[in-house]
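Hi everyone, thanks for coming. I'd like to walk you through one structure today, so please have the sequence and the 3D view open as we go.

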Amino acid sequence: MESIYLSTRARAFAAVSALGWVGMFVLTGAGQTYAGDLSGVVYHLALVPLVVALPAPDWAKTAGYVWIFCDTALNVAGINGLDDDIVWAFRLGVHIAAAIWIVNASSGLRPAARVTGTLLGASLAVHAVTAPVVGEAPLAITAFPLMVVWLGLIAAGRAVDSSALQTEASRRVELP
């Protein structure tokens, strides 16, 4: 496995994303849809530096960007009054792109983050196509804690070999 390095800034974005994720669930669950959607915007946009930094094929990174920007647009559409059922149906569709990026980005991480990310991606993909039958609860039961753990491992520097010396500038991703 190739050693990768995540800057402190990239890890900070993972922490911000995790906080946005938790806020999105907690606030929406408490009936604060507007604040929940705003937290969703923060959660998704804070993931952009991670798509840049985490190792994945270009096609998988493209899936990550599609997911992030489509889900952000859906959060904003919800803020502006688009019907929740329409938002949810589209959101489930983009979770396939999320699963593609998360699984591929996780494949180059340390074992705990690799397994967590793979389970997270699988959970999102399976839920996307079974939601009409199983409802929303399985997503909260599986994806919620898995996303918190996955982003937490990245934020804490436990997902990648941050102590490895990098000899090629192209292998080190520094965020502005």
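Let me start with a question: what percentage of the 176 residues of the chain count as buried? The value is 44%. Please keep in mind throughout that this is a predicted model.

Now the overall layout. The chain's secondary structure consists of 7 helices and 2 strands. If you trace the elements from the N terminus, the order reads β-α-α-α-α-α-α-α-β. In other words, a strand opens that series and a strand ends it, with the helices in between.

On to the pocket, which I suspect many of you will want to look at. What is the volume of the largest pocket? It comes to about 580 Å³. Its lining is made by 25 residues, and those nearest the centre are Met24, Thr28, Trp88, Arg91 and Glu136. Several helices take part: two or more lining residues come from each of helix H1 (8–29), helix H2 (33–45), helix H4 (58–79), helix H5 (84–106) and helix H7 (137–155). Which of the elements gives the most to this lining? That is H5, with 7 residues. For those of you who like to think about chemical character, the lining splits into 12 nonpolar, 7 polar and 6 charged residues.

Let's stay with Arg91 for a moment, since we just met this residue by the pocket centre. How many salt bridges does the structure hold? The count is 1, and the partners are Arg91 and Asp71, with 2.7 Å between their closest N and O atoms. Because Arg91 sits in helix H5 and Asp71 in helix H4, this pair ties together parts of the chain that are 20 residues apart in sequence. As a reminder of the general idea, side chains of opposite charge can pair when their charged atoms come close. And are the two partners buried or exposed? Both Arg91 and Asp71 are buried.

Helix H5 has something else to show at its Asp84. With a relative accessibility of 54%, Asp84 counts as exposed, because the cut-off for that class is over 50%. Between the C-alpha atoms of Asp84 and Leu74 there are 9.7 Å in space, and the two residues are 10 apart in sequence.

Next, let's turn to the surface. Which residues make the nonpolar surface patch of about 400 Å²? They are Trp59, Ile96, Ile100 and Val129. Val129 belongs to helix H6, which covers residues 111–134. Its relative accessibility is 63%, so Val129 is classed as exposed.

Finally, a few places where residues distant in sequence can be compared in space. Arg11 is in helix H1, and Ala155 is in helix H7. These two are 144 residues apart along the chain, yet their C-alpha atoms are separated by 4.3 Å. Arg11 also gives us a second pair with Gly152: here the separation along the chain is 141 residues, and the C-alpha atoms are 9.0 Å apart. How accessible are Arg11 and Ala155? Arg11 has a relative accessible area of 22%, so this residue is partly exposed. Ala155 is partly exposed as well, with a value of 22%.

Helix H1 also holds Val22. Its relative accessible area is 29%, which makes Val22 partly exposed. From Val22 to Tyr43, the C-alpha distance is 8.7 Å across 21 residues of chain.

To pull out one thread before we stop: Arg91 is among the residues nearest the centre of the largest pocket, and Arg91 also forms the salt bridge with Asp71. Thanks for listening, and I'm happy to go back to any of these views.

Terms used
Residues numbered from 1 in each chain as written. Predicted model: local features only at pLDDT ≥ 70, side-chain atom pairs only at ≥ 80, totals over all residues. Heavy atoms only, no water. 1 Å grid on protein atoms, 1.4 Å probe; cavity = no way out; pocket = protein on both sides within 12 Å on 5 of 7 lines; lining within 4 Å. Points joined across faces, edges and corners; volume = space filled by probe spheres on them. Helix = DSSP H or I, 4+ residues; strand = E, 2+ residues; numbered from the N terminus. Nonpolar A, V, L, I, M, F, W, Y, C, P; charged D, E, K, R; others polar. Patch = residues over 30% accessible without salt bridge, like charges linked within 9 Å, V, L, I, M, F, W, Y side chains within 5 Å. Areas by Shrake-Rupley, 256 points an atom, 1.4 Å probe, with all protein chains shown as cover. Salt bridge = Lys/Arg side-chain N within 4 Å of Asp/Glu carboxyl O. Buried < 20%, exposed > 50% of the residue type's maximum accessible area, 1.4 Å probe, protein only.
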